[in-house]
Amino acid sequence: MSGYMMVIAPCLACRRTFASNPTYVPSLNNQPVCRNCMELANEKRKEKGMEPHFIHPLAYEPEEA
Ligand SMILES: [Zn+2]
């Protein structure tokens, strides 16, 4: 794990355990949200005419320290 910054944690919404980059992953109350749930949430936001949440391209990638 040395050289990489990432966390393995359950998704706030679906409880699936996934790896994410703590610097960029979208989170609520310190609990990360997985890509699947973020994309679902964005689809719903778009349907309502709302601005989708920004998902950083590195949010689900390990970061080289
Ligand atoms: Zn999820």
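## Starting in a loop: Asn 29

Let's begin with Asn 29, which sits in the loop between β4 and β5 (31-32). Phi of Asn 29 is positive, near 50°, and the residue is not a glycine. That's worth a glance, since most residues other than glycine have a negative phi. Asn 29 is also exposed, because just 5 other C-beta atoms lie within 10 Å and the cut-off for exposed is 12 or fewer.

One step back along the chain is Leu 28, placed in strand β4 (residues 27-28). Is Leu 28 buried or exposed? Leu 28 has 9 C-beta neighbours inside 10 Å, so it counts as exposed. Setting aside residues up to four places away in sequence, Leu 28 touches Leu 12 and Val 33. Leu 40, twelve residues from Leu 28 in sequence, is 16 Å away from it in space, C-alpha to C-alpha.

## The overall picture, and how far to trust it

This is a predicted model, so a word on confidence belongs here. Mean pLDDT for the chain is 90, with 91% of the residues at 70 or more. Where is confidence highest, and where is it lowest? Helix α1 comes out highest with a mean of 97, while strand β6 (residues 63-64) is lowest with a mean of 64. Keep the usual caution in mind: where pLDDT is low, the predicted coordinates should not be read in detail.

The chain has one helix and six strands, and from the N terminus on the order is β-β-β-β-β-α-β. Along the principal axes, the C-alpha atoms fill a box of roughly 45 × 20 × 20 Å. Of the 65 residues, 11% count as buried. Take the contacts between residues at least 6 apart in sequence: 43% of these join residues at least 24 apart.

## The β2–β3 hairpin

Strand β2 (residues 7-10) pairs with strand β3 (residues 17-20) in the antiparallel sense, over four bridges. To follow the register, look at Ile 8, which stands opposite Ala 19 in β3. Further along, Pro 10 has Thr 17 of β3 as its bridge partner. When you look at the side chains here, remember that in a regular strand they alternate between the two faces of the sheet.

Six residues lie between the strands of this hairpin. Arg 15 belongs to that loop between β2 and β3, and here is another positive phi: about 70°, in a residue that is not a glycine. How does Arg 15 count for exposure? With 8 other C-beta atoms within 10 Å, Arg 15 is exposed.

## Pro 26 and its contacts

Pro 26 is found in the loop between β3 and β4. Why does Pro 26 count as partly exposed? Its tally is 18 other C-beta atoms within 10 Å, so Pro 26 falls between the cut-offs of 12 or fewer for exposed and 20 or more for buried.

Which residues does Pro 26 contact, once neighbours within four places in sequence are left aside? The list is Val 33, Met 38, His 53, Ile 55 and Ala 59. Val 33 has come up already, as one of the residues that Leu 28 touches. Met 38 takes us into the helix, since α1 covers residues 35-47. Then there's Tyr 60: it lies 34 residues from Pro 26 along the chain, with 9.7 Å separating the two C-alpha atoms.

## Helix α1 and what follows

Now for the helix itself. The 13 residues of α1, at 1.5 Å a residue, should span 18 Å, and the end C-alpha atoms are in fact 18 Å apart, so the two values agree. After α1 comes Gly 49, with a positive phi near 75°.

Asn 42 is a handy residue to look at within helix α1. It counts as partly exposed because 16 C-beta neighbours lie inside 10 Å. Beyond its neighbours within four places in sequence, Asn 42 is in contact with Pro 52 and His 53. His 53 is also among the contacts of Pro 26. By contrast, Asn 42 and Glu 61 are 19 residues apart in sequence and 20 Å apart in space, C-alpha to C-alpha.

Definitions and conventions:
Residues numbered from 1 in each chain as written. Predicted model: local features only at pLDDT ≥ 70, side-chain atom pairs only at ≥ 80, totals over all residues. Helix = DSSP H or I, 4+ residues; strand = E, 2+ residues; numbered from the N terminus. Contact = placed C-beta atoms within 7 Å. Pairing = 2+ DSSP bridges. Expected span 1.5 Å × (residues − 1). pLDDT = per-residue confidence, 0-100.
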